[in-house]
Amino acid sequence: DWTMGAYREQMIATIREQVGDKQVICGLSGGVDSSVAAILIHEAIGDQLTCVFVDHGLLRKNEADEVVGMFRDNYNIRLIHADESDLFLGELEGQSDPETKRKIIGKLFIDVFQKHADTIDGAEFLAQGTLYPDVIESVSFSGGPSVTIKSHHNVGGLPEKMGLKLVEPLRELFKDEVRALGRELGLPQSFIGRHPFPGPGLAIRCPGEITREKLDILREADAIYIDQIRKHGLYDDIWQAFVAILPVRTVGVMGDGRTYDYACALRAVTSVDGMTADYYPFSHEFLGETATRIINEVKGINRCTYDITSKPPGTIEWE
Ligand code: XMP
C-alpha cells in the first residue's frame, strides 16, 4: 500500500523528532491499535520503548499467552507482563453497576500501569493507540450533544498525573487504515484481522456481578462461538462477535436430569467504525448448531439467545 508506506515513513520521522533520546512506555492491550502503535514506535526508536501488558484477569481464553508470545517471538520489543488478576477481580467483587465496574477497572489500570512504569528510568513519554473515532466519540456521540455514554477505559488523565507527554501515532487514522498500516509493518494477518476487544474486557460482557466461575464459563462459550464463526468462514465479514453471560439462571433438561444453569447471549455485528452497527444475519442453521455446541460442551450454560439489537439504540457491548 503506497499511501501507508508513506505514512509509515512520515510517522517514524515524526516520532524520532518528538522523542529524541528519551524513554517511551506503551500500554499493550493485545488489540490491533496498541500493537500497531507499539511496533511503529519500536521501529522508530527501538529499545527506547518498553511495553506494559496488564493482565486484569478479564481476558479471553489463551489471550495473554497469545499476545505475549506474538511480541516475544516475532519482535524484539521490551515487554513487562503484569499479572494483576487477583487485584482486579478482588476489587470488582460484589460490584454490579456498569459504570462502577468501568471506573474501578480504569482506576486500577492506571495504578498498576503507573507502578510498572515507575520501574522504567527516565520515561518521559506515554504511547497510546488512540484512533480518530476515539478522539471524536470522546467529544460527542453520533454528532449529538456532548454526553458520556460509557466511561471509556483508557489511560485518560494518566499522562498529566505522571508528568508524561503523549505519543499517539494513530490519531489521524480509522480502523481500516490502522489495519493497512499493520500489514505494511508485517504483522501477521491473523493478528491484524482480530476483532476489537474493549479495555475492560470480559467485565462488560458479564452484566451484574463478576465471579471467577462466570468468567471461566464465559471464556469457554466465547471460544466455541469464535471457533464456529471461523469454521464457517464468517470471521472477516463480522466487525465483532462475542458471548455475554447473563446474570440469570434458567431451567433446562439434559438426559433425564433437570439443569439450572446460566443463559448466555451471542452477539455479532457489522460496522465500519464501531459508532453504528447492525446485527449480523447468521443463518438459523448456524445459530442452531452453535447453540447446541455451547450447551453441550460448556458446563454451566443451558440456554443460548441471539442478540438482534442494532446500534443505536443499543450499544455493541452489553455494558
Ligand atoms: P459500544 O459498546 O460503546 O462499543 O457500542 C463501541 C466499540 O468500542 C469498544 N469499547 C471499548 N473499547 N475501551 C475500549 O478500548 C472501552 O472502555 C470500550 N467500551 C467499548 C467496543 O468493543 C466496540 O468495539
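**Stop 1: helix 2 and helix 8**

Helix 2 and helix 8 cross in a left-handed way. This is a predicted model, so treat the tour as a walk through a prediction. Select residues 32–45 for helix 2 and residues 175–184 for helix 8. Their axes come within 10 Å and cross at roughly 45 degrees. Is helix 2 parallel or oblique to helix 8? Helix 2 is oblique to helix 8, because an angle counts as roughly parallel only under 35 degrees.

Now show the side chains where the two helices touch. On helix 2, pick Val32, Asp33 and Val36. On helix 8, pick Val178, Arg179, Leu181 and Gly182. Colour this contact by class: four residues are nonpolar, one is polar and two are charged.

**Stop 2: helix 10 and helix 11**

Next, select residues 212–231, which form helix 10. Add residues 284–297, which form helix 11. The two axes come within 10 Å of each other. They cross at roughly 150 degrees. How does helix 10 run relative to helix 11, roughly parallel or roughly antiparallel? Helix 10 is roughly antiparallel to helix 11, since angles over 145 degrees count that way. The crossing of helix 10 with helix 11 is right-handed.

Which residues of helix 10 meet helix 11? They are Ala221, Ile224, Tyr225 and Gln228. Their partners in helix 11 are Thr290, Arg293, Ile294 and Glu297. By class, this contact has four nonpolar, two polar and two charged residues.

**Stop 3: the prolines after strand 9**

Move on to strand 9, residues 301–306. Pro312 lies in the segment after that strand. Pro313 is also placed in the segment after strand 9. Zoom in on the backbone here. Most peptide bonds are trans. Which kind of bond, cis or trans, joins Lys311 and Pro312? The bond is cis, with omega at about -15 degrees. Step along to the bond between Pro312 and Pro313. That bond is cis as well, and its omega is about 10 degrees.

**Stop 4: Asn62**

Go to the loop between strand 2 (49–55) and helix 3 (63–74), and select Asn62. Most residues other than glycine have a negative phi. What is the phi of Asn62? The value is near 65 degrees, so a positive phi in a residue other than glycine. Why does Asn62 count as exposed? Asn62 has 11 other C-beta atoms within 10 Å, and a residue is exposed if that number is 12 or fewer.

**Stop 5: Gly122**

Select Gly122, in the loop between helix 5 (98–117) and strand 4 (123–127). Gly122 is exposed too, because just 8 C-beta neighbours lie inside 10 Å. Add Lys22 to the selection. How far apart are Gly122 and Lys22 in sequence and in space? They are 100 residues apart in sequence, and their C-alpha atoms are 7.1 Å apart. Setting aside neighbours within four places in sequence, Gly122 is in contact with Lys22 and Gln23.

**Last stop: the whole chain**

Zoom out and show the cartoon. The chain has 11 helices and nine strands. Along its principal axes, the C-alpha trace spans about 70 × 45 × 45 Å. The radius of gyration is 20 Å, which agrees with the value near 20 Å for a compact globule of 319 residues. What share of the residues count as buried? The answer is 34% of the 319 residues. Finally, look at contacts with a separation of 6 or more: 76% of them are between residues 24 or more positions apart.

Terms used
Residues are numbered from 1 along each chain as its sequence is written. This is a predicted model: local features need pLDDT of at least 70, side-chain atom pairs count only at pLDDT 80 or more; totals for chains, interfaces and linings use all residues. Helices (H or I, at least four residues) and strands (E, at least two) are DSSP runs, numbered from the N terminus. The radius of gyration is taken over C-alpha atoms; the globule rule is 2.2 Å times the number of residues to the power 0.38. A residue is buried if 20 or more other C-beta atoms lie within 10 Å of its own, exposed if 12 or fewer, and partly exposed in between; C-beta atoms are placed from the backbone. Two residues are in contact if their C-beta atoms, placed from the backbone, lie within 7 Å. Axes are lines fitted to C-alpha atoms, for helices over the stretch in contact, and angles run from 0 to 180 degrees between N-to-C directions. Angles under 35 degrees count as roughly parallel, over 145 as roughly antiparallel, 65 to 115 as roughly perpendicular and the rest as oblique. A crossing is left-handed if the near helix is turned anticlockwise from the far one by less than a right angle, and right-handed if clockwise. Ala, Val, Leu, Ile, Met, Phe, Trp, Tyr, Cys and Pro count as nonpolar, Asp, Glu, Lys and Arg as charged, and the others, Gly among them, as polar.
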